[in-house]
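Subject: Structure handover and notes

Dear colleague,

I am passing on the structure below, together with some notes on what turned up when I went through it. Please look at the picture first and then read on with it open beside you.

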Amino acid sequence: MFPQIAPYLTELWGPFRLLESYLVLIGLGTCAAGLTTWIGLPRLWHVLPRDRGRENAVNAVKAVGKPTGGGFLVILMTIPWLFLVLPVNPRLSGVVGCLLLCMLTGYLDDRSHTPWSEFRKGFLDFVIALLTCLAICGGGNMTIWLPLVKTVFIMPPWLFIPLGTVVLWLAVNAVNCSDGVDGLAGTLVMLSLFYLGGFLYVVIGHEKIADYLLVPHNVHGADWAILVFTVAGALAGYLWHNAEPSAILMGDAGSRSLGLLIGVAVLVSGNPFLILVVAPVILLNGGAGLVKLVLLRMMKKMGFDTAKPDGKPAREDGSRARAQYHFLRLLHSIRFPLHDHVRHRRKWSNTQVLLRFALIQAFLTPFLLLLLVKLR
């Protein structure tokens, strides 16, 4: 809204022209959303449902009774600022609507006395991811660039929408699985969003820099950066209260919608592999658990015994049986999400998990980002 009314306000007072500056809008949205959630959350979290603990999670009893579903309030308090700082753009509006829808489905799960089934949540995530892809492309072609090659591809909507839906679904569930340590998912997501926002503004949204790095320029790159930075600011305000010992929990309402935003920013950048660069720890921590679950269920449907193997394989067992034994032993030796593994097996404290995971992602992303844009 501000970019549209700034010319009229400038006639009343000259400094209002700054509201046409993308950098000013980014700073305003980030700081305003952060202050709003920082001040507003303690005054409103009494309306949220209470955490009932999660089965098999390490130290889950410490979360019981705390307000959960904090993402519901974070997104609702961010929407007015998005309305003010974002330029009028149907694709942006469509994506914001999908973020709101994703938050609401997560919040309903947080409030439910009986946890929703994996199929139900997965199906809703799929539908929302599909709608989000439609909003991003607007039914038109998308420009895609890939690592290691200079060629730029024009992807038709019939191909972009299914592939993009997979990326969004993966991002949603990887972030959701990473939520389990005070401040961990929020901190990792905030790092990813700041990197993505900077990349969209400085590289994708800047014609000369994009041309120099041989990546396609997106004339609306800075618009998407405003969205990403504003939500990151709101997340920072939430993290003030989520630091250990947390006073409020993100819940599915926050983790799913924030995962969706990471996926959106990745797709808008034009390179789906960027998700491996900006969210490596999130994918390893949460996404690898999804892979393990799929593998075990596929093996079970194929008739294999997927229980944790005991003892050693007999000498008379064939090579295939011994390979299956070692594969299952490896799968069961690593606990997912990975933050539960290091807390349970390595005896890391919550603070050690948070700091070490955040450090790995903070230093790994710039290195991978450099390789992504330069080795082409």
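A residue is called buried here when its relative accessible area is under 20%, exposed when that area is over 50%, and partly exposed in between. Please also keep in mind that this is a predicted model.

With those words in hand, helix H10 is a good place to begin, for 19 of its 19 residues are buried, and the helix is thus mostly covered. Its length can be checked too: at 1.5 Å a residue, the 19 residues of helix H10 (residues 251–269) should span 27 Å, and since the end C-alpha atoms are 28 Å apart, the two values agree. Just after H10 comes glycine 270, which has a positive phi of about 95 degrees.

The backbone has some further places to look at, and it helps to know that most residues other than glycine have a negative phi and that most peptide bonds are trans. In the loop between H9 and H10 you will find proline 245, and the peptide bond that leads from glutamate 244 to proline 245 is cis, with omega near -5 degrees. Leucine 148, in the loop between strand S1 (142–145) and strand S2 (152–155), is not a glycine and yet has a positive phi, near 75 degrees; this leucine 148 counts as exposed because its relative accessibility is 63%. Lysine 347, which lies in the loop between helix H14 (338–344) and helix H15 (350–374), likewise has a positive phi, of about 60 degrees, although it is not a glycine, and at 64% relative accessibility lysine 347 counts as exposed.

Turning to the surface, which residues make the nonpolar patch of about 810 Å²? It is made by Leu101, Phe119, Phe123, Phe126, Leu130, Leu131, Leu134, Trp169 and Leu170. The largest share, 6 residues, comes from H5, and helix H5 (118–137) and helix H6 (157–178) each supply at least two residues. Leucine 101, for its part, lies in helix H4 (residues 90–111) and counts as partly exposed, because its relative accessibility is 34%.

Aromatic rings are the next topic, and the count comes to 7 aromatic pairs. One of them joins tryptophan 38 and tryptophan 240 edge-to-face, at 5.7 Å centre to centre and with 75 degrees between the planes. This pair links distant parts of the chain, since tryptophan 38 is in helix H2 (residues 22–44) and tryptophan 240 is in helix H9 (residues 221–242), 202 residues apart. Tryptophan 38 is partly exposed, with a relative accessible area of 36%, whereas tryptophan 240 counts as exposed at 61% relative accessibility.

Phenylalanine 119 and phenylalanine 123 form another pair, which is stacked, with 6.3 Å centre to centre and 15 degrees between the planes. Both lie in helix H5, 4 residues apart, about one turn of the helix; an α-helix has 3.6 residues a turn, so residues three or four places apart point the same way. Phenylalanine 119 is exposed, with a relative accessible area of 67%, while phenylalanine 123 counts as partly exposed at 47% relative accessibility.

Finally, there are charges placed over rings. Arginine 120 lies over the face of tryptophan 116, at 4.1 Å from the ring centre, and the charged end of arginine 356 sits over the ring of tryptophan 348, 4.6 Å from its centre.

With best wishes

Note on methods
Residues numbered from 1 in each chain as written. Predicted model: local features only at pLDDT ≥ 70, side-chain atom pairs only at ≥ 80, totals over all residues. Heavy atoms only, no water. Patch = residues over 30% accessible without salt bridge, like charges linked within 9 Å, V, L, I, M, F, W, Y side chains within 5 Å. Areas by Shrake-Rupley, 256 points an atom, 1.4 Å probe, with all protein chains shown as cover. Salt bridge = Lys/Arg side-chain N within 4 Å of Asp/Glu carboxyl O. Buried < 20%, exposed > 50% of the residue type's maximum accessible area, 1.4 Å probe, protein only. Phe/Tyr/Trp six-rings, centres within 6.5 Å; stacked < 30°, edge-to-face > 60°. Lys NZ or Arg CZ within 6 Å of the ring centre and 35° of its normal. Expected span 1.5 Å × (residues − 1).
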